[in-house]
Amino acid sequence: MSVRKVFECRQCGTCCRGRGGIFLNLGQAKEAAALLGLSVEEFSARFTEPQYGLLSIRTDDEGYCLMHDRETGLCRIHQAKPPMCRDWPFFHGLLQDREVFEEAKAACPGIDPEASWEEFKAWHGEKIGGRPPQSYF
């Protein structure tokens, strides 16, 4: 039996706002750089900073990821979007803690406001096959 869909990205950019946390390894940085027509060195210098032994995409003065196109609301490197971004909203915290899920649901218009935490976890299990969210480190 299929569970009710509880998430559909609205491309609003809400999840693109927040400092310090979108990580790329060198291979992912190469893919992103290629999409922008840049060398990995130029991409890294313009858009990232080192953090925890990885590259972290920097944010603008308002806290938006530098890959978030403020005019279109879309990701400038969508085809090479970092795994962390692809996995949203199926993060450990939302799957393990009802309060964290409720906070995310209030902030993210893509999460059905009528969805229960149990429905969210069930949909994750069906959509992702029960695979736990990956580690980004």
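1. Let me start in helix 2 of this predicted model. Phenylalanine 43 has a relative accessibility of 0%, so this residue counts as buried. Its neighbour in the helix, phenylalanine 47, is buried as well, with a relative accessible area of 7%. Both residues belong to helix 2 (residues 40–47), where four residues, about one turn of the helix, separate them. That spacing has a familiar consequence: an α-helix has 3.6 residues a turn, so residues three or four places apart point the same way.

2. On to aromatic pairs, of which a search of the whole structure finds seven. One of them joins phenylalanine 23 and tyrosine 52 edge-to-face, with 5.8 Å centre to centre and 65 degrees between the planes. Phenylalanine 23 is in strand 1 (residues 23–24) and tyrosine 52 is in the loop between strand 2 and strand 3, so this pair ties together parts that are 29 residues apart in sequence. Are the two partners buried or exposed? Phenylalanine 23 counts as buried at 6% relative accessibility, whereas tyrosine 52 is exposed, its relative accessible area being 61%. Back in helix 2, the rings of phenylalanine 43 and phenylalanine 47 have their planes at 45 degrees and their centres 5.5 Å apart, so that pair is tilted.

3. You may also like to look at the aromatic cluster. Ring pairs link five residues here: Phe7, Phe90, Phe101, Phe120 and Trp123. Two of these names, Phe120 and Trp123, come up again among the buried residues of helix 6.

4. The sheet is next. Three strands form an open sheet in the order 1-3-2, and the pairing is antiparallel. Which strands are at the edges? Strand 1 and strand 2 are the edge strands, since each pairs on one side only. Strand 2 (residues 48–51) runs antiparallel to strand 3 (residues 54–57), and four bridges join them. Strand 1 and strand 3 are also paired in the antiparallel sense, over two bridges.

5. The register can be followed residue by residue. Between strand 2 and strand 3, threonine 48 has isoleucine 57 as its bridge partner, proline 50 stands opposite leucine 55, and glutamine 51 stands opposite leucine 54. From strand 1, phenylalanine 23 has serine 56 of strand 3 as its bridge partner. Phenylalanine 23 thus brings together two topics of this note: its bridge to serine 56 and its aromatic pair with tyrosine 52.

6. How is strand 3 covered on its faces? Both of its faces are covered: Leu54 and Ser56 are buried on one side, and Leu55 and Ile57 are buried on the other.

7. The hairpin of strand 2 and strand 3 deserves a quick check. Two residues lie between its strands, and tyrosine 52 takes a positive phi near 55 degrees. This is the tyrosine that is exposed, with a relative accessible area of 61%.

8. Helix 6 (residues 117–128) has a length that agrees with expectation: at 1.5 Å a residue its twelve residues should span 16 Å, and the end C-alpha atoms are 16 Å apart. Its buried residues are Trp117, Phe120, Trp123 and His124. They cover an arc of only 125 degrees around the axis, which puts them on the same side of helix 6. The ring of tryptophan 117 also has a charge over it: the charged end of lysine 121 sits 3.6 Å from the ring centre.

9. Finally, the cysteines. How many disulfides does a search of the whole structure find? The search finds zero. Cysteine 9 is in no disulfide, and the nearest cysteine sulfur, in cysteine 15, is 6.0 Å away. For cysteine 16, the closest cysteine sulfur is also that of cysteine 15, at 4.4 Å, which is too far for a bond; the cut-off for a disulfide is within 2.5 Å. In terms of exposure, cysteine 9 is partly exposed, with a relative accessible area of 49%. Cysteine 16 is partly exposed too, with a relative accessible area of 23%.

Key. Residues numbered from 1 in each chain as written. Predicted model: local features only at pLDDT ≥ 70, side-chain atom pairs only at ≥ 80, totals over all residues. Heavy atoms only, no water. Buried < 20%, exposed > 50% of the residue type's maximum accessible area, 1.4 Å probe, protein only. Pairing = 2+ DSSP bridges. Phe/Tyr/Trp six-rings, centres within 6.5 Å; stacked < 30°, edge-to-face > 60°. Lys NZ or Arg CZ within 6 Å of the ring centre and 35° of its normal. Expected span 1.5 Å × (residues − 1). Arc of directions from axis to C-beta.
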